[in-house]
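Open the model in your viewer and keep the selection tool at hand. We will go from the ligand outward, one stop at a time.

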Amino acid sequence: MSTFDFDLFVIGGGSGGVRAARVAAGETGAKVGLAEEDRYGGTCVIRGCVPKKLMVFASGYPEMVAEAQAYGWDMSAGDFNWDHFHDKLTTELDRLEGIYRKLLAGSGVESFDARAKIVDAHTVELSTGERKTAKHILLAMGGRPVIPDFPGSELAISSNEIFHLPKLPENILIVGGGYIASEFAGIMNGLGVKTTQFYRGEQILRGFDQEARDLIASEMIRKGVDLQLNTNVASLEKAGDRIKVTDTNGQETLFDHVMFATGRRPNTDDMGLEEVGVKIGKKGEVIVDEYSQTAVPSIYAIGDVTDRVNLTPVAIREGMAFVSTVFRGEPMPVDHELIPSAVFTQPEFGTIGLSEEEAKAQEPIEVYTTNFKAMQSSFAGGEEKVLMKLIVSQANRKVLGCHIVAPAAGEMIQLAGIAVKMGATKEDFDRVVAVHPVMAEELVTMRNPTRTG
Ligand SMILES: Cc1cc2nc3c(=O)[nH]c(=O)nc-3n(C[C@H](O)[C@H](O)[C@H](O)COP(=O)(O)OP(=O)(O)OC[C@H]3O[C@@H](n4cnc5c(N)ncnc54)[C@H](O)[C@@H]3O)c2cc1C
């Protein structure tokens, strides 16, 4: 008989932790406890993917209405009612959190509304003062936004606060060039807020395919975002109920809000981890092997706290692989290769595999691209541009990367991602008959390479 209180104790009730706890308890019969210090559902549900996507939807309507007018509809968008949207958003997040709590209870997981920290390889201490022992401990504490330290930095907000502004601002400065900053620049702009985005580098969305980055940036500018590259915030100062921003070019501008999305940090501070022998990396991330095991054999870690690929479906995969390895006796390493993902900028971006730049550095390639105006917006006189791009290995003809900038690109890349993950060649793509008339047909009709490299 086990001498521990639990077979598994999970710290963190976000995407990864909840999935691992539910599956271990519900499907393998393990006795599972879970501690969550804030709200169940974690970053994705409460202050990430879900509320963000709802804001993306909300921000897209003015453009749709303008397009509808061009199609003959007699309609106008009117004003956006932030209070109405925010009330609905709050209700929806409450509903989702309730579902997460129910799912845990329904699987037999014992939940603790408390902060937990590690005492030893098999013991956690809760903020209530209780101690719980477990054969295995799973760290799933996620990460949090970090605002850098500079004069006036306390006046800035992060992505956590943007969902709960007391009212829609007249103008906003978004600082950062990553996907979160770029998505919120599009959201705010779409909601009718005068939006400025500062990024200290040459181009937003560093690490993604350059041609896609350039198109997204130019489209964002065309839609109204004041994107200022090679620019950062030097200082912030209170100016009545506004914020005076002095930028690194010496210019001063007043904004209602300044949102920083320049970095996130794993939640490993003051957790007692290093004291028990868990190794922590330079960015505060828990170091794990391919089975998500830490340097302490009874302690595993999944999701953003390990800073591998910080996406919800990856945290979930890592949670499932952990359960398979530890509770089903079927060791399952986590496959981090060829993960499709979407960036909900406006225009949307779907991507999998190597960028042209990465592929070129690796081997000789062919690049197939097509640029065109989307039929729906073009009919309405719109300028919306679409990019479809395949990166192909000259040696074995495999599609190494697929990049799509288009309405619903996230939906498209999920499906194209199956083919790329299966190792499809360019000729496999070509063998598929096109679906007509849809944008994605271009993925199977690009005959000649645009360039080689
Ligand atoms: C603005 C934004 C937009 C995003 N959009 C997307 C997207 O479109 N698609 C996508 O795939 N991903 C997106 N992400 C990333 C995604 O949210 C994360 O990758 C995912 O939530 C990671 O899951 P997790 O389980 O590792 O951590 P989390 O979901 O962060 O959960 C960790 C939980 O642990 C709790 N916790 C922390 N420390 C303790 C402690 N000591 N004791 C008890 N509880 C603790 C926290 O309160 C939290 O609830 C987005 C993130 C942000 C910030």
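A polar contact here is a pair of N or O atoms within 3.5 Å. This is a predicted model.

**Stop 1: polar contacts of the ligand.** Select G16. A polar backbone atom of G16 is 2.8 Å from an oxygen atom of the ligand. Now add S15. Here a polar backbone atom sits 3.3 Å from a ligand oxygen. Then pick E37. One of its backbone N or O atoms lies 3.1 Å from a nitrogen atom of the ligand. How much of the ligand does the protein bury? On its own the ligand exposes 1000 Å², and the protein buries 96% of that.

**Stop 2: the shell.** Select everything within 4 Å of the ligand. You should get 38 residues, with G16, E36, T43, K52 and D304 the closest. Color them by type: 15 are nonpolar, 14 polar and nine charged.

**Stop 3: the helices behind the shell.** Show α1 (15-28), α2 (42-47), α3 (49-70), α6 (179-190) and α9 (312-327). Each of these supplies at least two shell residues. Which helix gives the most? It is α2, with four residues.

**Stop 4: α6.** Isolate α6 and measure from end to end. Its end C-alpha atoms are 16 Å apart, which agrees with the 16 Å expected because 12 residues are counted at 1.5 Å a residue. Is α6 mostly covered or mostly open? Mostly covered: 10 of its 12 residues are buried. Among them are F184, I187 and M188. Finally, step past the helix to G192, which follows α6 and has a positive phi, near 95°.

Note on methods:
Residues are numbered from 1 along each chain as its sequence is written. This is a predicted model: local features need pLDDT of at least 70, side-chain atom pairs count only at pLDDT 80 or more; totals for chains, interfaces and linings use all residues. Side-chain values use heavy atoms; hydrogens and water are left out. A polar contact is a pair of N or O atoms within 3.5 Å; within protein, one must be able to donate a hydrogen and the other to accept it, and residues adjacent in sequence count only if both atoms are side-chain atoms. Accessible areas come from the Shrake-Rupley method with a 1.4 Å probe; for residues, only the protein chains shown count as cover. Ala, Val, Leu, Ile, Met, Phe, Trp, Tyr, Cys and Pro count as nonpolar, Asp, Glu, Lys and Arg as charged, and the others, Gly among them, as polar. The expected span of a helix is 1.5 Å times one less than its number of residues. Buried means under 20% relative accessible area, exposed over 50%, partly exposed in between (1.4 Å probe, protein chains only).
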